[in-house]
Amino acid sequence: NPECEGKFVNRLNHYCSKKGLDIKGLSEATLSKLIDFGWLNNLVDIYKLKEHKKEWISKAGFGIKSVEKILAEIENKKQTTLTDFLSALGIPLINKAMAKKLSAAADTWENFREMVDEGYDFSSIDGFGEVKNKAILDFDYSDADEIVKELVFSTIVTSTSDNNKK
């Protein structure tokens, strides 16, 4: 059931975790509270949390410093790589390593979406088969298409001396 709150919390948690965009301060417990407050109904709402700042700082367990830290972290993570974003989306079977291969093949979000819309055969990428291809093509990108309006994608440096930099 896609409407299941548990699945939604897991999706949000994955998006905000180290496997995703690594937004510090948005733990599963915090995300659950934000859902209970009615402020998170989809991934896009993460970027609208600043609208609730005044009310948020008055909630039990939160204060001005913790809320400001979380909001600053969300703002800082608006600059990301295509690899991290694709990994964060939670496309079934697509981990960070697979997202890196997708990023290399597509280069930009716009190219990736065009490839999906045109039914590109992702199984032509090394390590991808029919099941991963179907998962990519069948995924609902509606939240992602909204989120990218908030993001600035940085490029991945691929020279051997800079392998760990983004």
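Between which two helices does the loop that holds Asp22 lie? Asp22 sits between α1 (5-16) and α2 (28-36). The model is predicted, and the account below moves from the overall fold to two residues with positive phi.

**Fold and dimensions**

The protein chain contains 9 helices and 2 strands. From start to end of the sequence, their order is α-α-α-α-β-α-α-α-α-α-β. The C-alpha trace spans about 50 × 45 × 20 Å along its principal axes. The radius of gyration is 17 Å, which agrees with the value near 15 Å for a compact globule of 166 residues. Of contacts between residues at least 6 apart in sequence, 59% join residues at least 24 apart.

**Surface and charge**

Buried residues make up 39% of the 166 in the protein chain. The accessible surface is about 9300 Å², and carbon and sulfur atoms account for 50% of that area. The protein chain carries 24 positive and 27 negative charges, and the mean positions of the two sets are 8 Å apart.

**Backbone at two loop residues**

Neither Asp22 nor Leu93 is a glycine, yet each has a positive phi, as listed here.

| Residue | Phi | Loop between |
|---|---|---|
| Asp22 | about 55 degrees | α1 (5-16) and α2 (28-36) |
| Leu93 | near 75 degrees | α5 (82-88) and α6 (96-106) |

Is Leu93 buried, partly exposed or exposed? Its relative accessibility is 49%, so Leu93 counts as partly exposed, given that the exposed class begins over 50%.

Conventions. Residues are numbered from 1 along each chain as its sequence is written. This is a predicted model: local features need pLDDT of at least 70, side-chain atom pairs count only at pLDDT 80 or more; totals for chains, interfaces and linings use all residues. Side-chain values use heavy atoms; hydrogens and water are left out. Helices (H or I, at least four residues) and strands (E, at least two) are DSSP runs, numbered from the N terminus. The radius of gyration is taken over C-alpha atoms; the globule rule is 2.2 Å times the number of residues to the power 0.38. Buried means under 20% relative accessible area, exposed over 50%, partly exposed in between (1.4 Å probe, protein chains only). Contact means heavy atoms within 4.5 Å. Accessible areas come from the Shrake-Rupley method with a 1.4 Å probe; for residues, only the protein chains shown count as cover. Lys and Arg count as positive and Asp and Glu as negative; His and the chain ends are not counted. The place of a charge is taken as NZ of Lys, CZ of Arg, CG of Asp or CD of Glu.
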